[in-house]
Amino acid sequence: MMLDPKAPPELIIAAMLHDSDRFFDGYYVMMKDEPPMGSPAYNDFYKPIQHPRMAAEFIVPLLRRLKIDENIVVRVEALIKNHETGITFERRDTAQPLSENDWQDLEHDCNVLRDTDSILVFTPVLLTTILVDLRQRGKSEEFEHEVRIKYGRANPRTRAIIDKLMLGREAEYRATPDGASAYETFLKVRREFAPAAEAAVPASAIVPFKEACYDVAELNRALREALGAAERGEQIGGLAGGIIADIKNTYEDQSPDFVQMQIRRRFEITHRFEQHFGANGGIALARAPGRVNLIGEHIDNQDAKVMPMPIDKDVIIAFRPTDDGSVILHNMRTEYYRGTTPGPSLRPFNANEVPYTTIIEFGATVTKATPDVPRGETFAYIMGSALGIKKLVGGKKVKGCSMLIDGRLEAGGIPQEAGVSSSSALTVASSIALASANNIPIRQDDLGWLAAEWEKYQTAGGAMDQVTSVMGQKGHAIVLDCRTREIKQVPLPAGYKFVAMHTKVKVQQVDSEYNERRTDVEIGTRWLKFLFEKEYPGTGNKIQKIRDITPENLGLSEKQIIEVFNMLPSEITVQQIRNSEYGQTDTKFINDIIGSRKTERPTYRIKEVCLYHRGEIKRVLAAQQALLDGDIAKFARAVNEGQVNNDDGGAENGLQNSCEELDAIIKIALANGAVCGRLSGKGWGGVAVATIPPNVDADGFMDKIIAKYEKITTDLYGAGKGIRLQKGITIFVCRTSNGAGIERYKPTAVPAAAPSPKPKMPGQVIETPKPVEAKPLMRILLVDDEMTARELYKSILQYCEDHIKWTIEVTTAESADDALTKINEARARREPFDIALTDVNMHRPVGCPDGVRPGVWLAQQIKALTKGHMPVFLISGLLDNNALPAGIRDGTIADGAYEKIKGILQNRAKFAKDMEAAVLKSKQATAGLDTLQQADQLALSAV
């Protein structure tokens with residue numbers, strides 16, 4: 001029996017053992033009174049008796065007797081020992097030390113282990129096998145009970161995964177009578193759970209239109225007020241203030257010009273929307289950003305990790321539902337019109353009548369546009385979103401939308417055909433609009449993957465672009481694991497800038513080239529499985545993708561692995577592949593894959609493409625660790641080697657998806673101050689991204705690129721034919737932004753009026769002082785492991801509401817580990833916390849040694865991370881003050897923590913009030929800020 005789940009082998013083994021009688025025997029007991037099926041308590045059906053070590057002592061020798069790779073055994077042992085007993089990852093639990101990344105991976109594995117066995121069961125082979133086995137044993141009536149238990153134990157998110165897995169493979173089930181019977185049983189159980197599952201869906205990324213919409217005239221008025229206030233540099237409250245606050249929260253760029261541009265853009269959109277669709281019925285705005293990929297090109301198809309970054313170039317769609325399903329499109333860009341009539345790219349259609357066909361693409365069944373739907377047109381991408389929404393509701397009738405699309409480059413839109421995902425942003429934004437119009441809840445972490453499936457209506461590809469558009473966070477790149485779907489936000493280095501340089505080159509044969517590279521690596525992967533199994537029996541079945549070919553997974557040395565890679569052919573024809581020893585064993589796959597893809601080259605470059613994929617996979621991991629370590633030189637080296645290197649050739653010579661213009665513009669960037677540069681996107685043209693350090697002026701850097709690239713392309717194409725890039729349009733600094741969603745403007749408080757000026761004396765000139773910007777009075781980190789911290793925070797917040805006008809900014813952390821991450825992020829933004837509220841009785845964090853209270857250890861870590869800046873208040877009457885690290889302030893409940901914090905607030909509030917008067921009088925805000933910081937120190941020392 002062959003399974004191909006997207007899970008690491010140690011997790012599969014532990015999950016298989018999870019429900020075995022021998023694993024639970026003696027170590028787990030059932031609850032006496034079974035709770036209602038599907039309830040939270042039911043998920044804890046098996047309760048541990050805190051004997052994971054005994055279970056491990058039974059399982060580990062068994063795995064070793066089965067000759068399971070030792071590295072996998074170690075990880076299984078760690079999973080068993082820590083599963084359902086509280087994650088306490090202690091290094092002594094393992095037979096050999098694991099790296100920090102290993103421990104993070106194990107933590108993730110433990111979090112998903114509970115439901116993994118359920119997911120694994122719902123595969124055609126395994127579920128049908130269970131039915132046949134029970135029937136042969138005369139227990140076929142137990143099959144429905146088994147399915148109900150597995151489905152019932154799963155949480156709503158896991159049920160959604162199971163639903164997608166089952167419904168997407170219906171044809172495979174119905175191919176046999178037993179499979180069809182198993183499938184019908186699943187449908188019956190699913191219908192029973194449908195109401196409970198729908199009720200349990202958590203907060204989604206979609207805001208229903210009735211909650212997201214504004215009156216057109218009211219929104220226009222507020223945008224006009226916001227723009228005026230922003231141009232004058234004034235504070236403003238109400239809906240206009242909320243608009244300014246939302247834009248500043250969305251984008252990294254806080255410059256006045258950028259903020260004004262974004263407000264003006266939205267004003268122009270709503271005004272044009274009213275012209276096209278009228279004022280009645282409301283208006284809502286959906287936004288989705290583009291992305292650049294810092295490193296990790298073409299390896300998503302190998303289930304590897306990639307490192308994209310959301311950018312502040314985005315698509316905005318103003319929309320309103322239509323009850324008859326019609327989708328009516330307009331665009332802010334005039335080139336989409338024939339006079340005043342929308343051109344072919346804005347063809348209207350009905351969301352309930354989208355034409356489609358089903359084909360096999362890259363080994364998977366996908367829904368594609370029919371030949372009469374032109375590729376690459378705006379409406380065709382939105383058709384894919386509409387078809388996906390309709391399938392999501394089981395084929396029921398859906399509402400359409402009136403949509404106004406804005407992607408103008410001069411207003412902050414995304415360049416098209418440049419490799420920065422304009423089409424994916426359009427798909428995501430239209431998906432959000434249609435889901436909102438139909439009030440369909442979609443989780444944020446599911447939306448990107450769904451949009452990726454829906455975009456396949458037009459183009460083939462992975463989910464990196466769509467997931468980045470949805471899940472991006474300002475100030476961060478994301479590391480997306482394309483196998484586990486895990487996302488890690490990685491802070492970008494402070495002061496460094498990422499410059500996108502659009503070569504303005506579009507290669508006509510990009511689809512053929514991309515198909516060829518996919519064919520190269522997929523044949524190569526199967527060939528490698530064959531070679532590894534032949535040379536080292538037992539290793540071939542450990543390989544699903546090239547990401548699996550590691551010394552740790554295969555138990556081989558790096559030298560042995562490279563020797564096998566070198567057995568692959570460099571240039572080989574289809575017939576030579578079929579005639580090879582490998583080709584004789586895999587004829588159906590070879591015929592299917594070559595027959596289904598259009599390519600131009602007569603030969604395939606198997607070895608070089610596979611070596612590139614393995615090298616790029618390793619480079620992403622190196623780049624991720626470099627950013628976490630703050631090692632920019634190491635990060636730059638990984639990025640540069642992704643473009644060109646002597647081992648696997650990189651994009652330029654290995655994958656060969658670069659071009660002369662890309663090579664040239666990257667070399668110009670490196671020669672003029674960039675620390676690294678490489679292509680971003682599919683390649684063969686489009687965009688390259690350069691990273692420049694803080695001491696390089698971005699404007700001057702771009703001026704040099706513009707001049708030198710024009711000269712080089714003039715030499716290439718001839719006089720008068722050189723390419724001149726336009727700053728802000730085809731060459732620009734990529735600042736980050738938050739992910740996609742519906743724009744919601746929360747009205748802000750109206751600022752207090754400035755005091756009336758004294759009467760002007762003859763000849764006297766009086767300047768009206770600008771209001772002092774209200775800054776957070778105090779930044780608090782709340783580690784909410786115990787109620788004591790939460791209750792104290794409420795008391796502080798109440799005091800501030802009663803006595804102080806300035807605000808407190810609170811960052812919440814769920815655990816000590818989460819707190820350390822938040823502190824590092826605050827440091828990167830140069831916004832240190834003033835107070836940490838935590839408790840010594842929290843769960844033991846990763847790295848906390850035995851014999852040390854977790855709260856005390858966390859205080860030590862916080863002090864080290866903030867260089868002693870932060871006064872830490874440990875909230876507990878149980879704390880022995882002598883155990884505190886030197887220099888850490890103690891504010892235990894017994895010692896009056898509330899009174900101490902209140903004293904700090906009172907001192908700061910009094911000084912803030914005096915400071916406002918001083919600023920209004922002398923306008924010496926900078927000097928005043930220094931004085932305020934000094935007063936903080938006096939206030940802190942006073943208590």
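**Reading a predicted chain, feature by feature**

Modeller: Let's begin with Q656, which counts as partly exposed because its relative accessibility is 29%, and partly exposed covers the range between under 20% (buried) and over 50% (exposed). Keep in mind throughout that this is a predicted model.

Colleague: Happy to start there. Where in the fold does Q656 lie?

Modeller: Look between two helices: Q656 is in the loop that runs from α26 (650-655) to α27 (660-671).

Colleague: And its backbone? What is the phi of Q656?

Modeller: The general idea first: most residues other than glycine have a negative phi. In this structure, Q656 is not a glycine, yet its phi is positive, at about 60°.

Colleague: Which loop holds N439, and what phi does N439 have?

Modeller: N439 sits in the loop between α16 and α17 (444-455). Its phi is positive too, about 55°, although N439 is not a glycine. You meet this residue just after α16 ends.

Colleague: Is N439 buried or partly exposed?

Modeller: Partly exposed: N439 has a relative accessible area of 46%, so it falls below the cut-off of over 50% for exposed.

Colleague: Since we are beside α16, how do I check the length of a helix like that?

Modeller: Compare an expected span with the one in the model. Helix α16 covers residues 422-437, 16 residues in all, and at 1.5 Å a residue it should span 22 Å. The C-alpha atoms at its ends are 23 Å apart, so the two values agree.

Colleague: How many residues of α16 are buried?

Modeller: The helix is mostly covered, with 15 of its 16 residues buried. For a general picture of helix faces, remember that an α-helix has 3.6 residues a turn, so residues three or four places apart point the same way.

Colleague: Let's turn to packing. Which residues touch the most other members of the largest nonpolar core?

Modeller: Those are L294, F319 and F635, in a core of 121 residues. The greatest contribution to this core comes from helix α24 (residues 606-629), which supplies ten residues. Apart from that core there is another, of 28 residues, including A230, L239, F273 and Y745.

Colleague: What does F319 touch, leaving out residues up to four places away in sequence?

Modeller: Its contacts include F209, F273, I283, L285, M403 and I742. A433 and S436 are also among the residues that F319 touches.

Colleague: Now the polar side. How should I read a residue such as D465?

Modeller: Place it, check its cover, then look for partners. D465 is in helix α18 (residues 464-471). It counts as buried because its relative accessible area is 19%, under the 20% cut-off.

Colleague: Which side chains make polar contacts with the side chain of D465?

Modeller: One is that of R291, at 2.8 Å. Another is that of S421, at 3.1 Å. Beyond four places in sequence, D465 touches R291, S421 and S424.

Colleague: Is K368 buried or exposed?

Modeller: Buried, with a relative accessible area of 11%. K368 belongs to strand β10 (residues 364-368), and a polar atom of its side chain is 2.7 Å from the backbone oxygen of K456.

Colleague: How do I spot parts of the chain that come together from far apart in sequence?

Modeller: Take E661, in helix α27. Its C-alpha atom is 7.6 Å from that of V505, although 156 residues separate the two along the chain. E661 is buried at 11% relative accessibility, and it touches T503, V505, Y709, L716 and Y717, with residues up to four places away left out. Across the chain, 73% of the contacts with a separation of 6 or more join residues 24 or more positions apart.

Colleague: How many helices and strands does the chain have?

Modeller: There are 33 helices and 24 strands. The chain has 943 residues, and 52% of them count as buried.

Colleague: Finally, where should I be careful about confidence?

Modeller: As a general rule, where pLDDT is low, the predicted coordinates should not be read in detail. This chain averages a pLDDT of 78, with 70% of its residues scoring at least 70. Residues 877-881 stay under 50, and residues 889-895 do as well. The model gives the 877-881 stretch twelve contacts beyond four places in sequence, while the 889-895 stretch has 26.

Definitions and conventions:
Residues numbered from 1 in each chain as written. Predicted model: local features only at pLDDT ≥ 70, side-chain atom pairs only at ≥ 80, totals over all residues. Heavy atoms only, no water. Helix = DSSP H or I, 4+ residues; strand = E, 2+ residues; numbered from the N terminus. Expected span 1.5 Å × (residues − 1). Buried < 20%, exposed > 50% of the residue type's maximum accessible area, 1.4 Å probe, protein only. Core = buried A, V, L, I, M, F, W, Y, C linked by side-chain atoms within 4.5 Å. Contact = heavy atoms within 4.5 Å. Polar contact = N/O pair within 3.5 Å; in protein donor to acceptor, adjacent residues only side chain to side chain. pLDDT = per-residue confidence, 0-100.
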